[in-house]
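Biologist: Could you take me closely through one part of this model, the salt bridges and their surroundings, and then set that part against the packing around it? I would like one connected account rather than a list.

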Amino acid sequence: FVKFKTYLQSRKDSQPIAKIINSKPFWKNDFYVNNFVLDPRPETELIIEEVLNIYRNKNLKLKILDIGTGSGCIAISLAKEFKNASITAIDISEKALEVAAKNSKIHNCVNQIQLKLIDFKSIKSKFDLIVSNPPYLTKEQFNNADPEVKNFEPKIALVGGDDGLKFYREYSSNLKNLMNKCAYFVCEIGINQRQDCEEIFENSGLYLNKIVNDLQGIER
């Protein structure tokens with residue numbers, strides 16, 4: 001009963017349920033979460049769906065890079081779908097990587113996933129697939145966000161510079177150097193960012209293969 005009262009008060013204080021119980025479902029599993037990582041969102045599952053559409057053969061020995069892994073939910077979900085894949089999951093937050101390491105152990109993916117505290121621009125390898133759900137809120141969007149988001153999720157994982165597009169610019173300038181021939185890059189974009197992102201990636205050397213809408217019809 002005491003625990004219930006504590007949970008109830010936390011919820012009254014706008015703390016998300018996932019943060020209260022330290023657990024959030026994503027794709028086919030539950031993941032440990034805390035205030036140092038974003039709660040995985042249903043729309044981010046589209047990244048997994050699209051990768052499965054691209055690579056029908058689940059036995060491929062894919063070399064995958066997950067930029068800004070956070071809780072590790074994308075990397076771990078891909079590791080479980082592609083048992084022969086080797087995945088490098090990176091983040092610039094040490095606390096986030098601790099969460100990813102915990103989830104990697106829980107889901108028995110330690111041998112498949114290499115966690116690194118590094119900025120993607122310092123990576124020297126090449127990959128068959130790069131995935132990312134980067135920070136894409138503008139500073140204004142973050143300042144106007146619900147208390148559930150603003151007070152209990154890491155700002156570093158949400159805000160992509162003043163206009164929300166900082167990371168797409170960095171990806172446009174640098175990603176081609178990290179991609180093998182015929183490699184794919186699958187990432188999430190924010191609401192109404194499609195046109196800006198298309199312009200940003202125009203001279204990146206990458207070809208736009210597909211835009212996917214989420215269940216609300218929003219281009220992701």
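Modeller: The side chains of R220 and E188 form a salt bridge, with an N to O distance of 3.9 Å. This pair joins distant parts of the chain, since R220 belongs to the segment after α9 and E188 to the loop between β7 and α9, 32 residues apart. R220 has a relative accessibility of 12% and therefore counts as buried, and E188, with a relative accessible area of 2%, is buried as well. Please keep in mind throughout that this is a predicted model.

That bridge is one of 15 salt bridges that the structure holds. Another is formed by the side chains of E153 and K19, at 3.3 Å from N to O. Because E153 sits in the loop between α7 (147-150) and α8 while K19 sits in helix α2 (residues 17-21), this pair ties together parts that are 134 residues apart in sequence. E153 and K19 are both buried, and they also belong to a network of salt bridges that links K19, D39, R41 and E153.

A further bridge brings together the side chains of E81 and K58, with 2.5 Å between N and O. E81 is part of helix α4 and K58 of the loop between α3 and β3, so the parts tied together here are 23 residues apart in sequence. The two partners are placed unlike each other with respect to the surface: E81, at 7% relative accessibility, counts as buried, whereas K58, at 37%, counts as partly exposed.

E81 leads on to the packing of two helices, as this residue of α4 also takes part in the contact with α3, which is made by I47, I48, V51 and L52 on the α3 side and by I74, S77, L78 and E81 on the α4 side. The axes of α3 and α4 come within 10 Å and cross at roughly 30 degrees, and the crossing is right-handed. Within α3 (residues 45-54), the buried residues are L46, I47, I48, E50, V51 and L52, and what they pack against is β1 (24-26), α4, β6 and β7.

Just ahead of α4, in the loop that joins β3 to α4 (73-81), lies S71. With a relative accessibility of 3%, S71 counts as buried. A polar atom of the S71 side chain lies 3.4 Å from the backbone nitrogen of C73. When neighbours within four places in sequence are left aside, the residues in contact with S71 are Y32, V33, V37, P40, I76, V99, A100 and N103.

Turning to the nonpolar interior, the largest core has 29 residues, of which L65, I67, I130, Y168, Y171, L175 and F185 touch the most other members. At least two residues of this core are supplied by each of β3, β6, α8, β7 and α9, and the largest share, four residues, comes from β7. For a closer view of one member, F185 touches I130, S132, Y171, L175, M179, F201 and L206, with residues up to four places away in sequence not counted. There is also a second, separate core of 24 residues, which includes L52, Y55, A89 and C109; L52 is thus a residue to follow in both settings, since it also belongs to the contact between α3 and α4.

Helix α8 (residues 166-174) deserves a look of its own, with F167, Y168, E170, Y171 and S172 buried. The elements that cover these buried residues include β3 (63-67), β6 (127-132), β7 (179-187) and α9 (194-200). K166 is found in this helix too, but at 38% relative accessibility K166 counts as partly exposed. Leaving out residues up to four places away in sequence, K166 touches G160 and G161. Its C-alpha atom is separated by 28 Å from that of K24, and these two residues are 142 residues apart along the chain.

To return to the part you asked about, the bridge between R220 and E188 has two buried partners, as does the bridge between E153 and K19, while the bridge between E81 and K58 pairs a buried residue with a partly exposed one.

Definitions and conventions:
Residues numbered from 1 in each chain as written. Predicted model: local features only at pLDDT ≥ 70, side-chain atom pairs only at ≥ 80, totals over all residues. Heavy atoms only, no water. Buried < 20%, exposed > 50% of the residue type's maximum accessible area, 1.4 Å probe, protein only. Contact = heavy atoms within 4.5 Å. Core = buried A, V, L, I, M, F, W, Y, C linked by side-chain atoms within 4.5 Å. Polar contact = N/O pair within 3.5 Å; in protein donor to acceptor, adjacent residues only side chain to side chain. Salt bridge = Lys/Arg side-chain N within 4 Å of Asp/Glu carboxyl O. Axes fitted to C-alpha atoms, helices over the stretch in contact; angles between N-to-C directions. Left-handed = near helix turned anticlockwise from the far one by under 90°.
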